[in-house]
Amino acid sequence: IAQSLVAHLKKSGVAEGAGVLQINGSPTDAAAGLIRDGIHRGLKDSGYKTLAEFDTPEWAPPKAQEWAAGQITRFGADIKGVVAANDGTGGGAIAAFKAAGVNPVPPVTGNDATIAALQLIISGDQYNTISKPSEIVAAAAAKVAVQLLKGETPQAKTTLYDTPSELFVPAVVTAENIKAEIFDKKIQTAAEVCTGEYADGCAKLGIK
């Protein structure tokens, strides 16, 4: 999530020392803590500074939006990007920028490849999201379950936090590869995503 944003900022010519906001997930969610720590590592040696950071209670987009609105008032044009832990919190940040009349919205990240986030990427309002097709993870889990039912011992590919694990590499989705990663792979369809105001954006990206 963070590395993709950092690479984009550098490619866009955003000078080192510029500031970003970090919006984490719920402080009571262990998974949110892992994402938060990963974002810290992604930003640590990036050359960009974290202006402010927020743990979003219950992952609630309205709370992320409210916090981001305050930071926009506080930092204004010094905000060059937002690292958000999921699509909901990222969407909240985007809504805050739009409400404040900021145009263009600085690049905002996401995670989960929700339909709403895909639409925001297509419209140019969200920079990225992360695609983790459930079918891949579910198939691996089913394979392990069958082995256990047969009395076999599944072989772990690696260990994570002292737990036998199998890890998959998710796809970073941006406007540049959204057609290939989401639509060509049939994770979502144009009929579901390219509705109303998003139809023109889809056409420009070759999504039919």
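# A walk from Thr56 through sheet, helices and cores

Thr56 sits in the loop that links β2 and α3. This is a predicted model, and Thr56 makes a good entry point. Its relative accessibility is 0%, so Thr56 counts as buried. Setting aside residues up to four places away in sequence, Thr56 touches Ile23, Asn24, Gly25, Ser26, Pro27, Lys63, Ala64 and Thr89. Two of these names, Ile23 and Asn24, belong to β1. That strand is the next stop.

How many of the six residues of β1 are buried? Six of the six are, so β1 is largely enclosed by the rest of the structure. The strand has two faces. Gly19, Leu21 and Ile23 point one way, while Val20, Gln22 and Asn24 point the other way. Both sets are buried.

Now place β1 among its partners. The sheet is open and has three strands, in the order β2-β1-β3, with parallel pairing. β2 and β3 are the edge strands; each has a single partner, so one side of each lacks a neighbour in the sheet. Neighbouring strands are turned against each other by 20 degrees on average, direction ignored. Six bridges connect β1 with β2. Within that parallel pair, Asn24 stands opposite Asp55 of β2. Five bridges connect β1 with β3, again running parallel. There, Leu21 stands opposite Val82 of β3.

Helices pack on this sheet. Helix α2, residues 30-44, touches β1, β2 and β3. Its direction makes about 165 degrees with that of β1. Helix α4 packs on the sheet too, touching β1 and β3. The direction of α4 makes about 155 degrees with that of β3.

Stay with α4 for a moment. Does its length fit, or fail to fit, what 1.5 Å a residue predicts, and why? The 13 residues of α4 should span 18 Å at that rise, and the end C-alpha atoms are 18 Å apart, so the two values agree. Much of α4 is hidden: Asp87, Thr89, Gly90, Gly92, Ala93, Ile94, Ala96 and Phe97 are buried. Their cover includes β1, α3, β3, α5 (115-123) and β4 (129-131). Just after the helix, Gly101 adopts a positive phi of about 75 degrees.

The chain then enters the loop between α4 and α5, where Pro104 has its place. The peptide bond from Asn103 to Pro104 is cis, with omega near 0 degrees. Ala113 lies in this loop as well. Ala113 is not a glycine, yet its phi is positive, about 55 degrees. At 10% relative accessibility, under the 20% limit, Ala113 counts as buried.

Sheet and helices also share an interior. In soluble globular proteins, nonpolar side chains tend to be buried together. Here the largest nonpolar core has 20 residues. Which of them touch the most other members? They are Leu21, Ile23, Trp67, Ile79, Val82, Phe97 and Val108. Two or more residues come from each of β1 (19-24), β2 (49-55), α3 (61-75), β3 (79-84) and α4 (87-99). The largest share, five residues, is that of α3. Val82 shows how the parts meet. Leaving aside neighbours within four places in sequence, Val82 is in contact with Leu5, Leu21, Ile23, Ala93, Phe97, Pro107, Val108 and Thr109. Apart from this core lies another, of 13 residues, including Ala113, Ile182, Phe183 and Ala190. Ala113, the residue with the positive phi, thus has a place in that second core.

Further along comes Tyr161, in the loop between β5 (158-160) and β6 (163-165). Tyr161 is another residue with a positive phi, about 50 degrees, although it is not a glycine. Is it buried or exposed? At 58% relative accessibility, Tyr161 counts as exposed.

The last stop is a covalent link. The structure holds one disulfide. It joins Cys194 to Cys202, with an S to S distance of 2.0 Å. The torsion about the S-S bond is -85 degrees, and the link is left-handed. Both Cys194 and Cys202 are buried.

Terms used:
Residues numbered from 1 in each chain as written. Predicted model: local features only at pLDDT ≥ 70, side-chain atom pairs only at ≥ 80, totals over all residues. Heavy atoms only, no water. Core = buried A, V, L, I, M, F, W, Y, C linked by side-chain atoms within 4.5 Å. Buried < 20%, exposed > 50% of the residue type's maximum accessible area, 1.4 Å probe, protein only. Helix = DSSP H or I, 4+ residues; strand = E, 2+ residues; numbered from the N terminus. Contact = heavy atoms within 4.5 Å. Disulfide = S-S within 2.5 Å. Expected span 1.5 Å × (residues − 1). Pairing = 2+ DSSP bridges. Axes fitted to C-alpha atoms, helices over the stretch in contact; angles between N-to-C directions.
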